[in-house]
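Open the model in your viewer and keep the selection tool ready. The tour moves from one selection to the next.

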Amino acid sequence: MKKLVILGGGTAGCIAAAALAKKLSPALYDITVLESSNVEGVGVGESVLPSFMSFMRKFGLDEEGIIEKIGASIKLGTRFNDWCGDKDSFFHQLGGLGCE
């Protein structure tokens, strides 16, 4: 059995471990995530682009289950107020909006 060690239990480390666990045979690979006990959470909202959902589907990860378990929300974009002056706003969409 080969041992894979992922350093860091943050977002990237957990995603890497989940994807590898889905693609590699558990009989051949032992996957371990090492995380520091001295690192606190990010403390701010962390997000991914809409294209990340296709990555999750490719690896057979349950996106709805993950969203529910971590209490995530779907963000369609960001509104920037006073972008070019007083009472001016700009909406930056993240991916397509509406029916696709």
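## Stop 1: the nonpolar core

Select Ala19, Phe52, Met53, Met56, Phe59 and Leu61; these six residues make up the largest nonpolar core. This is a predicted model, so keep that in mind at each stop. Colour helix 2 next, because with three residues helix 2 gives the most to this core. As a general rule, nonpolar side chains tend to be buried together in soluble globular proteins.

Stay on Met56. Which residues does Met56 touch, not counting residues up to four places away in sequence? Leu61, Asp62, Glu63 and Ile66 are the ones to display. One of them, Leu61, is itself a member of the core.

## Stop 2: Glu63

Now centre on Glu63, in helix 3. Is Glu63 buried or exposed? Glu63 is buried, because its relative accessible area is 17% and the cut-off for buried is under 20%. Show its contacts, leaving aside neighbours within four places in sequence: Met53, Met56 and Arg57. Met53 and Met56 also belong to the largest nonpolar core.

## Stop 3: the largest pocket

Switch on a surface and look for the largest pocket. How much space lies in the largest pocket? The figure is about 990 Å³. Its lining has 29 residues. Select Val48, Phe52, Met53, Ile67 and Ala72 to find the lining residues that lie nearest the centre of the pocket. Phe52 and Met53 will be familiar from the core.

Then colour by element. Helix 1 (11-23), helix 2 (52-58) and helix 3 (63-70) are the elements that give two or more residues to this lining. Helix 2 provides the largest share, with five residues. Recolour by residue type, and the lining of the largest pocket divides into 17 nonpolar, seven polar and five charged residues.

## Stop 4: Ile15

Move to Ile15, in helix 1. Ile15 is partly exposed, because its relative accessible area is 23%. Leave aside its neighbours within four places in sequence, and Ile15 is in contact with Phe52 and Phe55. Phe52 is also a member of the largest nonpolar core. For a long ruler line, pick the C-alpha atoms of Ile15 and Phe91. The two residues are 76 residues apart along the chain, and their C-alpha atoms are separated by 29 Å.

## Stop 5: Leu28

Select Leu28, in the loop between helix 1 and strand 2 (29-34). Leu28 counts as exposed, because its relative accessibility is 51% and the cut-off for exposed is over 50%. Which residues is Leu28 in contact with, leaving aside its neighbours within four places in sequence? Display Met1 and Lys2. Then draw a C-alpha to C-alpha distance from Leu28 to Leu4. The two lie 24 residues apart in sequence and 10 Å apart in space.

## Stop 6: Asp82

Go to the loop between strand 3 (77-81) and strand 4 (89-93) and pick Asp82. Check its backbone: phi of Asp82 is near 55 degrees, a positive value in a residue other than glycine. Most residues other than glycine have a negative phi. Asp82 is partly exposed, with a relative accessible area of 45%.

## Stop 7: the cysteines

Finish with Cys14 and Cys84. Cys14 counts as partly exposed, at 41% relative accessibility. Cys84 counts as exposed, at 63%. How many disulfides does the model have? The count comes to zero, with the cut-off for a pair of cysteine sulfur atoms set at within 2.5 Å.

Notes: Residues are numbered from 1 along each chain as its sequence is written. This is a predicted model: local features need pLDDT of at least 70, side-chain atom pairs count only at pLDDT 80 or more; totals for chains, interfaces and linings use all residues. Side-chain values use heavy atoms; hydrogens and water are left out. On a 1 Å grid over the protein atoms alone, a cavity is a set of points where a 1.4 Å probe fits but cannot get out, and a pocket is an open set with protein on both sides within 12 Å along at least five of seven lines; lining residues have an atom within 4 Å of a point. Grid points are joined across faces, edges and corners, and a volume is the space filled by probe spheres set on the points. Helices (H or I, at least four residues) and strands (E, at least two) are DSSP runs, numbered from the N terminus. Ala, Val, Leu, Ile, Met, Phe, Trp, Tyr, Cys and Pro count as nonpolar, Asp, Glu, Lys and Arg as charged, and the others, Gly among them, as polar. Buried means under 20% relative accessible area, exposed over 50%, partly exposed in between (1.4 Å probe, protein chains only). A nonpolar core is a set of buried Ala, Val, Leu, Ile, Met, Phe, Trp, Tyr and Cys residues joined through side-chain atoms within 4.5 Å. Contact means heavy atoms within 4.5 Å.
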